[in-house]
Amino acid sequence: CINFLTPYLGVGGAIALVTVIVNGLLAVLTLKSTVSMQQMQLVQPELEKIQRKYEGRNDDSSKMRQANEMQALYKKYEINPASSLLVTFLQFPVIMAMYMAVQRSYAVATGSFLGMDLQATPLAGMQSVLNGSAEGWMYVILFVFMGVCQYFSMSIPQMIQKKKAAEQAEKHHTKPEKASKANMMMQYYMMAMIMVFGLMWPAAMSLYWAINSIVTIVKTLLVQKYIDNRKAKKEGAR
């Protein structure tokens, strides 16, 4: 597909369009699961509040009450914890398929994007900058751009979560629930891991990852709009 589109869009445009198409199809097929997963992120502070409430209480009665309260929370927000795993399960083979497509694509092997050899790694580009080559700066810019896009794609859900928590706290005249430090640390680890991989994989993969992150940001905002509209309709119907 990348090879077919490259004569019309250039290799960079081909990678971008394929990324958008693949993510669009995935979003349509997993819309319900995506909504459920995003809802799960939004109610995470409330789940952690329930878990803290029963922390250290290992008797069967406490475990039952905790399970019932969590189930009631899932029911309130129409969350299916099992279905929310579908998106995560499907993302990995898509990433591997794109990686293989980038590795084997004739258009990527023989083409260039903004003067970059898309099979070269950002690390090689950085090393060429240290050796005095100005051409390597494009690899540095692409790597930084990928990192910024990835950061915002991971941060947008937390920004929405904080906003919703603040709105709920103001509505009930309480203090907003804070996000778990463990979740924040996990995000930092994931960010660091992706950036390390980003140094060593082909520049074409960095371009794909940056575009994929932008698509994820747009998808997150659209799904949140859908959730808000659905909630508004339900409240209006009462």
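At what angle do H2 and H3 pack, and how far apart are their axes? In this predicted model, the angle is about 55° and the axes are 4 Å apart. That angle makes H2 oblique to H3. On the H2 side the contact is built from Met40, Gln41 and Leu42, while H3 brings in Gln44, Pro45 and Leu47. Sorted by class, the contact of H2 with H3 has 4 nonpolar and 2 polar residues, with no charged residues at all.

H2 itself covers residues 31–42, which gives it 12 residues. From first C-alpha to last, the helix reaches 17 Å, close to the 16 Å expected at 1.5 Å a residue. Quite a few of its side chains are tucked away: Ser33, Thr34, Val35, Ser36, Gln38, Gln39, Met40 and Leu42 are buried. Two of these, Met40 and Leu42, also turn up in the contact with H3.

H3 (residues 44–53) has a further partner in H4 (residues 60–76), and here the picture changes. The axes of H3 and H4 come within 10 Å and cross at roughly 170°. With that crossing angle, H3 is roughly antiparallel to H4. Glu46, Leu47, Ile50, Gln51 and Lys53 supply the H3 side of the contact, and Gln66, Glu69, Met70, Leu73 and Tyr74 supply the H4 side. This time charged residues do take part: the split is 5 nonpolar, 2 polar and 3 charged. Leu47 of H3 appears in this contact and also in the one with H2.

Stepping back to the whole protein chain, there are 10 helices and 2 strands. Along the sequence they follow the pattern α-α-α-α-α-α-β-β-α-α-α-α. Of the 238 residues in the chain, 38% are buried. As for contacts between residues at least 6 apart in sequence, 75% of them join residues at least 24 apart.

How confident is the predictor? The mean pLDDT of the protein chain is 82, and 89% of its residues reach 70 or more. Among the elements, H5 (residues 85–104) has the lowest mean pLDDT, at 75, whereas H7 (residues 122–130) has the highest, at 90.

A few single residues are worth a look. Gly136 sits in the loop between H7 and H8 (137–172). Gly136 counts as buried because its relative accessibility is 0%. Once neighbours within four places in sequence are set aside, Gly136 is in contact with Gly125, Ser128 and Val129. Pro122 is 14 residues from Gly136 in sequence, and their C-alpha atoms are 8.3 Å apart.

Further along, Ser153 belongs to H8. Is this serine buried or exposed? Its relative accessible area is 11%, so Ser153 is buried. Leaving out residues up to four places away in sequence, Ser153 touches Ser213, Thr216 and Ile217.

Leu114 makes a contrasting case. This leucine is found in the loop between E1 (112–113) and E2 (116–117). Its relative accessible area is 56%, so Leu114 is exposed. The backbone is also a bit of an oddity here: Leu114 has a positive phi of about 50° although it is not a glycine.

How values were computed
Residues are numbered from 1 along each chain as its sequence is written. This is a predicted model: local features need pLDDT of at least 70, side-chain atom pairs count only at pLDDT 80 or more; totals for chains, interfaces and linings use all residues. Side-chain values use heavy atoms; hydrogens and water are left out. The expected span of a helix is 1.5 Å times one less than its number of residues. Buried means under 20% relative accessible area, exposed over 50%, partly exposed in between (1.4 Å probe, protein chains only). Axes are lines fitted to C-alpha atoms, for helices over the stretch in contact, and angles run from 0 to 180 degrees between N-to-C directions. Angles under 35 degrees count as roughly parallel, over 145 as roughly antiparallel, 65 to 115 as roughly perpendicular and the rest as oblique. Contact means heavy atoms within 4.5 Å. Ala, Val, Leu, Ile, Met, Phe, Trp, Tyr, Cys and Pro count as nonpolar, Asp, Glu, Lys and Arg as charged, and the others, Gly among them, as polar. pLDDT is the predictor's confidence in each residue, from 0 to 100.
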